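Visitor: I would be grateful for a close look at a single strand and its surroundings.

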Amino acid sequence: MEEPEVHPDLEPIAWLLGRWEGAGVGGYPTIESFNFGQEIEFGHNGKPFLTYTSRTWLLDDAGDRVRPLATETGYWRQQPDRQLEVLLTHPTGIVEIYVGEVVFHKIELRTDVVARTASAKEYTAGHRLYGLVNGNLMWAYDMAAEGVALTSHMSAELKKVA
């Protein structure tokens with residue numbers, strides 16, 4: 001079965017399609033700084049949304065994988081006037097809805113809704129930036145959690161591999 005055509009509504013974010021791999025750094029006032037590896041995959045099925053999966057793992061000083069870190073899955077829904085809705089779920093009991101805007105190859109998102117299960121850690125807000133810089137996907141993530149106001153948490157540079 002051949003791949004369906006990308007839905008025309010996805011034109012502003014179609015540059016995200018594919019698999020991206022790379023590494024980044026993380027930290028937060030409540031944890032030690034760390035290096036991580038990441039794989040993100042954006043796909044589509046011809047409908048007006050992108051599928052999204054991200055997996056990260058802890059890296060040691062030599063750059064070797066130590067153990068899995070975070071995983072998130074969801075959908076990116078392009079809206080009129082370059083607006084964007086992103087729905088993310090985490091196996092840690094957190095669900096987020098982000099809203100934002102696409103301006104050329106830059107995406108800025110802020111949480112509109114955060115829901116969590118009774119067993120999830122306290123998390124109240126997120127802010128994400130994504131950009132295409134010299135052909136690489138650069139992103140940064142700020143979060144508000146565990147009583148800490150919105151603060152830088154993670155960033156990475158990923159290369160398109162498929």
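Visitor: Along strand E5 (residues 83-90), which side chains point to one face and are buried, and which point to the other and are not?

Guide: The model is predicted: local features need pLDDT of at least 70 and side-chain atom pairs count only at pLDDT 80 or more, whereas totals for chains, interfaces and linings use all residues. Residues are numbered from 1 along each chain as its sequence is written, and side-chain values use heavy atoms, with hydrogens and water left out.

In strand E5 (residues 83-90), the buried face is formed by Leu 84, Val 86, Leu 88 and His 90. Gln 83, Glu 85, Leu 87 and Thr 89 point to the other face and are not buried, so that the side chains alternate along the strand. Here buried means under 20% relative accessible area and exposed over 50%, with partly exposed in between (1.4 Å probe, protein chains only). Strands are DSSP runs (E, at least two residues), as helices are (H or I, at least four), and are numbered from the N terminus.

On one side, E5 runs antiparallel to strand E4 (residues 65-78), to which six bridges join it. Two strands count as paired if DSSP finds at least two bridges between them. Within this pair, Gln 78 of E4 has Leu 84 of E5 as its bridge partner; Leu 84 is one of the residues on the buried face of E5. A hairpin is formed by E4 and E5 with four residues between them, and Asp 81 in its turn has a positive phi of about 55 degrees.

On the other side lies strand E6 (residues 94-103), again antiparallel and joined to E5 by eight bridges. Two of the E5 residues from the buried face have named partners there: Val 86 is matched with Tyr 98, and Leu 84 with Gly 100. Leu 84 thus appears in bridges to both strands, with Gln 78 in E4 and Gly 100 in E6. E5 and E6 also form a hairpin, with three residues between them, in whose turn Gly 93 has a positive phi of about 95 degrees.

Strand E6 likewise has two faces. Ile 94, Glu 96, Tyr 98, Gly 100 and Val 102 make up its covered face, while Val 95, Ile 97, Val 99, Glu 101 and Val 103 make up the uncovered one. The bridge partners of Val 86 and Leu 84, namely Tyr 98 and Gly 100, both belong to the covered set.

From E6 the connection continues to strand E7 (106-116), with ten bridges and an antiparallel course. Ile 97 of E6 is partnered by Val 113 in E7. The E6-E7 hairpin has two residues between its strands, and Phe 104 in the turn has a positive phi of about 55 degrees.

Ile 107 offers a link back to E5. Not counting residues up to four places away in sequence, Ile 107 touches Leu 84, and its further contacts (heavy atoms within 4.5 Å) include Ile 13, Leu 16, Trp 76, Val 102 and Leu 129. Ile 107 is also among the residues with the most contacts inside the largest nonpolar core, together with Ile 13, Leu 16, Phe 42, Trp 76, Leu 137 and Trp 139. Such a core is a set of buried Ala, Val, Leu, Ile, Met, Phe, Trp, Tyr and Cys residues joined through side-chain atoms within 4.5 Å. This one has 35 residues, and its largest share, five residues, comes from strand E9 (residues 136-145).

In the wider fold, E4 to E7 are part of a barrel that ten strands close in the order E1-E2-E3-E4-E5-E6-E7-E8-E9-E10, with antiparallel pairing. Beyond E7, strand E8 (123-133) follows a loop that holds Lys 121. Lys 121 is exposed, at 65% relative accessibility, and touches Ile 94 of E6, Arg 116 and Glu 146, residues up to four places away in sequence not being counted. E8 is joined in turn to E9 by ten antiparallel bridges, one of them pairing Val 133 with Asn 136.

An unreviewed UniProt entry lists Thr 30, Lys 121 and His 153 under "binding site"; such annotations may be inferred rather than shown by experiment. His 153, in strand E10 (residues 148-160), is buried at a relative accessible area of 11%. The entry also assigns residues 9-160 to the domain "THAP4-like heme-binding", a span that is 0% helix and 73% strand.
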